[in-house]
Amino acid sequence: MDGLLAFWNMIWPGLGKGILVTLRVSAVALALGVATGLPAAVMRVYAPRWLRRLSIAYIEAFRGTPLLVQLFVIYYGLPDVGFLLERWGLPGQWLVLDNIVAAYLALGLNSGAYQAEYFRGAIQAIGAGQMMAARAIGMTRLQAIVHIVLPQALRLALPAWTNEVAYMVKYSSVVFIIAVPDLLARGQFIISKYYNPMEILLTVGAVYLAMVLVIATLMGRLERRLRIPGMELEVERT
Amino acid sequence: MSQAIVRVEDLHKTYGETDVLKGVSLEVDEGEVLVIIGPSGTGKSTLLRCINLLAYPDRGHVWVDGEEITAPHADVNHIRERLGMVFQDFNLFNHLTAMGNVMVGLTQVKRMPRQEARELALFELERVGLQDKADLYPAQLSGGQKQRVAIARALGMDPRVMLFDEPTSALDPELIGEVLEVMKKLAREGMTMVVVTHEMGFAREVSNRMIFMEHGVIVEEGPPDQLFYHPQHPRTGEFLGKITELYGHRKREEE
């Protein structure tokens, strides 16, 4: 018992801080992902061709390259660009980012590319008749998207989006590579200090599992709350 | 210009290789009920969609209430408010209640305060006999009720003309009657209506004028009596003969 308590005292302060960092990085990245992914999806479905291409270019670039590469380019590569700009007499200092800001950006832009595809699928699942009916009562295209298409599409996207949340909480751990002290980084630090890798890694894994379970439960609750009455009959429970 | 609320001039529309409309012109007068009939795939629905620009005509002009909707800088959204449209498959907004379906255009397009919009929406639902279903969602309504909500939604925008695109074609036979009743009531109230339908009973009873369309052109146009009993064109007689046979026995004896 004393041993367990000692173990707990040894790891807890570090892991506790790490949990907060992991949750913060995940939350900010997910929010940034929505902020880029949703417009990208809407553009990909509804925008004129050049904007559609821009959206596809963004999605493919961030979906097609490793997250780690993106993280390095943003953290180590952008300062080089900034340096170049300064040589040309332009402001470039702003491209030198804090490691945590680089983490937000890389994870957020990467997640945005995936979220864009979830949202696009959901938008396309809403029949063209909805848009037509909205236009027929005099709505602009944008009004129809905001008030008619998206409220339905976002509900449809929610299960896939929950997936993205679970993924983000775990894979945000790559940021320990640029020394952001998240949960896994804290675990590594404790391991290197006391050298008991298995116990620590299992504990860290269990904490991740607990976080994802709590989030999945909350999202499930949200999904049920947003369900459109009458629609549940069409997805009869098996 | 004359009394015409809707004037269509030389409309052409091509989808890929198919010429759906090949020069259609017509006028709809205030208070008139115009019924358009014809075999499927002859451009009836496309014609309706070209009138409120849900489909864009390749050539030709459309005026609504004296304003040319097909003009290069016409305020299409604004002109559309004057054209109520009812679709074959209802197209109710699935995430909104019956009340919400009628309200959303009032609050978002007409910028009406919510309380006022709610009262007007309730009034329109009453008009189609569904005030007690105001809080139900489309998935909780029958097909006939859905179509009546769709009519209320269009009426809420206070249109000058109502366009009906085969409003009963997706309905079970026993639900058709309630929708036709609502449409007849509208006609009696003096609403200007353009109706694409296969309901010949409705056409004969309610319409002032009928148009028979085939292969993208108007084949014959005239009062219902002419089309039903003295068709000027052999194809009109053929089609009407076939369709009254198909769609039941609302024949002359009924009257």
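**Helix α5 of chain A and the two sheets of chain B**

Just after α5(A), A:G138 adopts a positive phi of about 95°. The model is predicted. Helix α5(A) spans residues 128-136. Eight of its nine residues are buried, so α5(A) is largely enclosed by the rest of the structure. The buried residues are A:G129, A:Q130, A:M131, A:M132, A:A133, A:A134, A:R135 and A:A136. Their packing partners come from both chains. In chain A, they pack against α1 and α6. In chain B, the partners are α1, α2 (76-80), β6 and α5 (143-156).

The same helix also borders a pocket. The second largest pocket has a volume of about 290 Å³. Its lining comprises 15 residues. Nearest the centre of this pocket lie A:A128, A:M131, A:M132, A:R135 and A:R141. Four elements of chain A give two or more residues each to the lining: α1 (2-46), α4 (99-125), α5 (128-136) and α6 (141-171). The greatest share comes from α5(A), with four residues. By class, 10 lining residues are nonpolar, two are polar and three are charged. A:M131, A:M132 and A:R135 thus appear twice in this account: they are buried residues of α5(A), and they are among the residues nearest the pocket centre.

Chain B holds an open sheet of six strands. The strand order is β6-β7-β8-β3-β9-β10, and the pairing is mixed. Strands β6 (83-86) and β10 (217-222) of chain B form the edges, each pairing on one side only. From one strand to the next, the twist averages 15°. Helix α1 (residues 44-51) of chain B packs on this sheet. Its contacts are with β3 (33-37), β6, β7 (161-165), β8 (192-196) and β9 of chain B. The direction of α1(B) makes about 150° with that of β7(B). At one side of the sheet, β9 (residues 209-214) of chain B pairs with β10(B). This pairing is antiparallel and runs over five bridges. Within it, B:M210 stands opposite B:G222 of β10(B). Edge strand β6(B) is also one of the elements against which the buried residues of α5(A) pack.

A further open sheet in chain B has four strands. Their order is β2-β1-β4-β5, with antiparallel pairing. The edges are β2 and β5 (67-68) of chain B, and each pairs on one side only. Strand β4 (residues 59-64) of chain B is joined to β5(B) by two bridges, in the antiparallel sense. B:V64 faces B:E67 of β5(B) across this pairing. Helix α1(B) lies across β1 (4-15), β2 and β4 of chain B. Its direction is at about 120° to β1(B). Contacts of α1(B) therefore involve strands of both sheets, given that contact means heavy atoms within 4.5 Å.

Residue B:L26 belongs to edge strand β2(B), which covers residues 18-29. B:L26 counts as buried because its relative accessibility is 6%, and the cut-off for burial is under 20%. Beyond its neighbours within four places in sequence, B:L26 contacts B:V6, B:R7, B:V8, B:L34, B:L47, B:I211 and B:I218. B:R80 is 54 residues from B:L26 in sequence. The C-alpha atoms of B:L26 and B:R80 are 19 Å apart in space.

Terms used:
Residues are numbered from 1 along each chain as its sequence is written. Chains are lettered from A and ligands numbered from 1 in the order in which they are written. This is a predicted model: local features need pLDDT of at least 70, side-chain atom pairs count only at pLDDT 80 or more; totals for chains, interfaces and linings use all residues. Side-chain values use heavy atoms; hydrogens and water are left out. Two strands pair if DSSP finds at least two bridges between them. Axes are lines fitted to C-alpha atoms, for helices over the stretch in contact, and angles run from 0 to 180 degrees between N-to-C directions. On a 1 Å grid over the protein atoms alone, a cavity is a set of points where a 1.4 Å probe fits but cannot get out, and a pocket is an open set with protein on both sides within 12 Å along at least five of seven lines; lining residues have an atom within 4 Å of a point. Grid points are joined across faces, edges and corners, and a volume is the space filled by probe spheres set on the points. Ala, Val, Leu, Ile, Met, Phe, Trp, Tyr, Cys and Pro count as nonpolar, Asp, Glu, Lys and Arg as charged, and the others, Gly among them, as polar. Buried means under 20% relative accessible area, exposed over 50%, partly exposed in between (1.4 Å probe, protein chains only).
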